[in-house]
Amino acid sequence: LMVIEEQDGWGIGWTTCVFAGVAVGRESRRRKLALLCCRGQAWQLRVQKIDGLTLAPPSSPARVDEILAGLEQLSSESQVPISSIDSLGLIDLDGDSLLVAETLADATGITTLCRFTDRLRADEIPRARAIGDWFLYRNPRSRRLIIELGTVLRLTLLPTSPLPRDLVSFDVGPGNHFLNQFVHRLSQGKYAFDPSGHFAVQGQQDEEILSHWSSHPFLLQSPPRILDDQAFGESFIESSLAMARERRRAAKDLLCTACHFVARCLNEALTRFVPEPSPA
C-alpha cells in the first residue's frame, strides 16, 4: 500500500494518522478546532502538519451540531475528509462532555476522547497537559522553553531525551485573566482588557503592593503546581483595590503594578525551578 503524494491537500496515506481536537477558550469562550497530521508510532510520533480554526462562542452547553459544523468547515478548508480522522479529543466543553463525546462518536464513527485528566493525581496533571507540547516542539539537540501567557501564566521545559520523563511543566502564576479583572473593575465595565497595554504603560509600579502580592502562598509552592481559579480571584482583586485606595494609587498605577507582578512571577519561577542544562 502506497502513501498518497502530498500535493494540493494533506496527502493522507496509510502511514499517516490524523487527530482532531475541539476546545472552548476559558475566557473568550470561542470554539477552537485543530487537525494534526502525524507519522510514526508511540513516543516517536511526529506532527507533520497542523491546521486550525477559531469560531464564535458556542451555545451553553455546546451542542453536537455546532461541533460537527465546525469540524466540517475545518475539514473542507484543510482538504481532509472527516472519515480520515482517527480520533477526536474534547477539552473544556460546558455541560455533559461525556454525553457530547458519545453522541459525536455515534454520528461520525470517530473514536472520541474527553476528560483526559479526571483519573490523574493533581501532581500528574501538569505533565500530562504538556505532552502535546512535547510532541509538537521537542528538539533532540537542544532544550526548549515554552512560556504560555493565557488565562494562567504557564511554563514548560522540554528535554532533549526521547521520552518525556524529564519534562517540566507547571503554572507560574496569574495571567491575562488577572489583568483583565483589574481593567474591567477600574474602567467600571467599559473595557474588558487593556488594548496594547495602553493604560498600564502610563502608570507607575507600586513596590509595596508588588511585594505584598509576591508573598501569596501559591507562589511559595514547588512544582508541579496548578493555579486554582480562586487563588487570584474576586476576593484577591477586592483586597488589592482597597490597598491601592489606601495608598492613593491611580488605576493606571495598579495596572502597571499588575503587569510587573506577572513578569516577576515568571522571573522567579525561571530562577528557582528551571534546572540548568547539564554540561556537555
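This short talk covers a three-stranded sheet, the helix across it, and the cysteines.

Good morning. One caution before the details: this is a predicted model.

Let's start with the sheet. It is open, has three strands, and runs in the order β6-β7-β8. The pairing is antiparallel. Which strands are at the edges? β6 and β8, since each pairs on one side only. From one strand to the next, the twist averages 15°.

Now take the strands pair by pair. β6 covers residues 144–149. β6 pairs with β7 in the antiparallel sense, over six bridges. How many residues does the hairpin between β6 and β7 use? Two residues join them. You can pick out individual partners here. L145 has L157 of β7 as its bridge partner. E148 has R154 of β7.

On to β8, residues 168–174. Again the pairing with β7 is antiparallel, over six bridges. For a landmark, look at L155: F170 in β8 stands opposite.

Next, β7 itself, residues 152–158. Is this strand enclosed or open to the outside? Seven of its seven residues are buried, so β7 is largely enclosed by the rest of the structure. Remember how strands work. In a regular strand, side chains alternate between the two faces of the sheet. In β7, both faces are covered. On one side sit V152, R154, T156 and L158, all buried. On the other side sit L153, L155 and L157, also buried. Note R154 in that first group. We met R154 a moment ago, as the partner of E148.

What lies across the sheet? Helix α9, residues 251–273, lies across β6, β7 and β8. Its direction is at about 150° to β8.

Last topic: cysteines. A disulfide is a covalent bond between the sulfur atoms of two cysteines. The cut-off used here is 2.5 Å between the sulfurs. How many disulfides does that give? Zero. Take C37. The nearest cysteine sulfur belongs to C38, and it is 6.6 Å away, so C37 falls outside the 2.5 Å limit and is in no disulfide. C37 is also buried, at 1% relative accessibility. Then C256. Its nearest cysteine sulfur is that of C259, 6.8 Å away, and C256 is in no disulfide either. With 8% relative accessibility, C256 counts as buried too.

To recap. The sheet order is β6-β7-β8. β7 is largely enclosed. Helix α9 lies across the three strands. And the disulfide count is zero. Thank you.

Note on methods. Residues are numbered from 1 along each chain as its sequence is written. This is a predicted model: local features need pLDDT of at least 70, side-chain atom pairs count only at pLDDT 80 or more; totals for chains, interfaces and linings use all residues. Side-chain values use heavy atoms; hydrogens and water are left out. Buried means under 20% relative accessible area, exposed over 50%, partly exposed in between (1.4 Å probe, protein chains only). Helices (H or I, at least four residues) and strands (E, at least two) are DSSP runs, numbered from the N terminus. Two strands pair if DSSP finds at least two bridges between them. Axes are lines fitted to C-alpha atoms, for helices over the stretch in contact, and angles run from 0 to 180 degrees between N-to-C directions. Contact means heavy atoms within 4.5 Å.
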